[in-house]
Amino acid sequence: MSGSVLHYYAGGNTAKGYISLYHSALRGLNRVFLLQGGLRSDKSAFMNTIGETLSAEGHTIEFLHCAYNNEWIEGLIVPDAGIGIIDDAVPDIGNEIANENLQITILESLKTTKYLFEHHNKMQQLNMDIFAKLQKAYATFAESLKAHDDIEEIYISNMSFAKANQLTNELIDLFFGEERAEKTSNVKHRFLGAATPNGAVDYIQNLTEDISKRYLIKGRAGSGKSTMLKKIAAAGKEKGYDVEIYYCGFDPNSLDMVILREKGIAIFDSTAPHEYMPERETDEIIDMYETCITPGTDEKFAAEIERTTKVYKDKMKEAICYLAEARNMMVQLEDLKCIRNSAISVGLYGIVEEIKLILKLNK
């Protein structure tokens, strides 16, 4: 029987620049294998092989996906073993690991120095071009967010905060009642999706696969979805329940989902770009527009909403194009590296066996 496999992002390309949540992904681990140098594609394949091997034997694993390239995995977590395997190309990962006081094992890939030297100038230029494209993407996402904020203002100015608070309090009471977990809450901070070179990607279906009750929040920008989620997450933490907090991959100041696995509950923003309709008998819609927004707001401000929405979407598409250009240059950079035999492949069997031993001892 295969083990549980979760997919999410610990870093994202956002309107606030690159944002890392690796501090949360690493928290609780004892040891990290840092994959140093070499091809990112090889390191991704290495982690994928280990993950599939452990999952096939019934172990729980977490795949951390790369927001720069849809084909790459940049991290693997084996929570029951307290072990993580991370690509050293993840921005500032060295400091993230050091801050968590983790035992680090470095697996260094073999390089042919002469070949790399011959292409040094071209590789240096590609790195500069990649950085420039990413900065353009972040700046354009910020312009898109400004348009999105303008849309929010329309709905915020036509919103009943009293009704939003009442609905939120009713949900908190429904989820928890007077119950308390009588322990310290374990809070995880993650991205459920990301803005990628292939557009917006999310793993809501995977992350909620084993959840018995899902609440799909519908509404408009500025109708209180994120604020509701923040209050539910705070209530879960205060009552001692483990909370998984999933941030918006576009605006990291907003929340897109909260999962309370001990309660079998997931509640998430089910609007574009991750819009889902109920598909299980237990799925339930929470309509913030119907509950909290003044009737007729869509119609009254239709022209302004349409104009601003076009700016928002156009800037999003432009930013995604910059990400795609950066991704293509990253692939070119991979092609210039001469990696004949990666040292990490030699250590594959040993790492798998070591993880299995730890898992056995932890039973």
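Is Glu182 buried or exposed in this predicted model? Glu182 is exposed, with a relative accessible area of 66%; exposed stands for over 50%, buried for under 20% and partly exposed for the range in between, with a 1.4 Å probe and protein chains only. The residue lies in the loop between α6 and β9 (187–191). Its phi is near 55 degrees, a positive value in a residue other than glycine.

The model is predicted, so local features need pLDDT of at least 70 and side-chain atom pairs count only at pLDDT 80 or more, while totals for chains, interfaces and linings use all residues. Residues are numbered from 1 along each chain as its sequence is written, and side-chain values use heavy atoms, with hydrogens and water left out. Helices (H or I, at least four residues) and strands (E, at least two) are DSSP runs, numbered from the N terminus.

**Backbone features**

Asp92 also has a positive phi, of about 60 degrees, although it is not a glycine. Asp92 is placed in the loop between β7 (83–87) and α3 (93–99). Ala272 and Pro273 are joined by a cis peptide bond with omega about 10 degrees. Pro273 belongs to the loop between β15 (265–269) and β16 (284–287).

**Aromatic rings and charges**

There are eight aromatic pairs in the structure. Rings of Phe, Tyr and Trp (its six-membered ring) pair if their centres lie within 6.5 Å; planes under 30 degrees apart count as stacked, over 60 as edge-to-face and the rest as tilted. The pair of Tyr18 and Tyr68 is stacked, because the ring centres are 5.8 Å apart and the planes are at 25 degrees. Tyr18 lies in strand β3 (residues 17–20) and Tyr68 in the loop between β5 (61–65) and β6 (73–78), so this pair ties together parts that are 50 residues apart in sequence. Tyr68 is buried, at a relative accessible area of 9%.

One aromatic cluster is formed by Phe175, Phe176, Tyr215 and Tyr241. Tyr215 of this cluster also has the charged end of Lys213 over its ring, 5.2 Å from the centre. Arg190 lies over the face of Tyr8, at 4.2 Å from the ring centre. A charge sits over a ring if NZ of Lys or CZ of Arg is within 6 Å of the ring centre and within 35 degrees of the ring normal.

**Helices α6 and α8**

The axes of helix α6 (residues 161–176) and helix α8 (residues 225–238) come within 10 Å and cross at roughly 35 degrees. Axes are lines fitted to C-alpha atoms, for helices over the stretch in contact, and angles run from 0 to 180 degrees between N-to-C directions. The crossing of α6 and α8 is right-handed, that is, the near helix is turned clockwise from the far one by less than a right angle. On the α6 side, the contact (heavy atoms within 4.5 Å) is made by residues including Leu167, Leu171, Phe175 and Phe176. On the α8 side, Met228, Lys231, Ile232, Ala235 and Gly236 take part. Phe175 and Phe176 are also members of the aromatic cluster. By class, the contact of α6 with α8 has eight nonpolar, three polar and one charged residues. Here Ala, Val, Leu, Ile, Met, Phe, Trp, Tyr, Cys and Pro count as nonpolar, Asp, Glu, Lys and Arg as charged, and the others, Gly among them, as polar.

**Accessible area of single residues**

The table gives the place and accessible area of four residues.

| Residue | Place | Relative accessible area |
|---|---|---|
| His59 | loop between α2 (40–56) and β5 | 16%, buried |
| Glu244 | strand β13 (residues 243–247) | 11%, buried |
| Ala45 | helix α2 | 41%, partly exposed |
| Arg214 | strand β12 (residues 213–218) | 0%, buried |

Leaving aside neighbours within four places in sequence, His59 is in contact with Gly3, Ser4, Leu54 and Leu359. With residues up to four places away not counted, Glu244 touches Lys188, Arg190, Met257, Val258, Ile259 and Arg261. Arg190 is the residue over the face of Tyr8. The C-alpha atoms of Glu244 and Val258 are separated by 5.6 Å, and the two are 14 residues apart along the chain.

For Arg214, the contacts beyond four places in sequence include Gln205, Ala266, Phe268, Glu279, Arg280 and Asp283. Arg214 and Lys315 are 101 residues apart along the chain, with 32 Å between their C-alpha atoms. For Ala45 and Ile73, 28 residues apart along the chain, the C-alpha separation is 7.7 Å.
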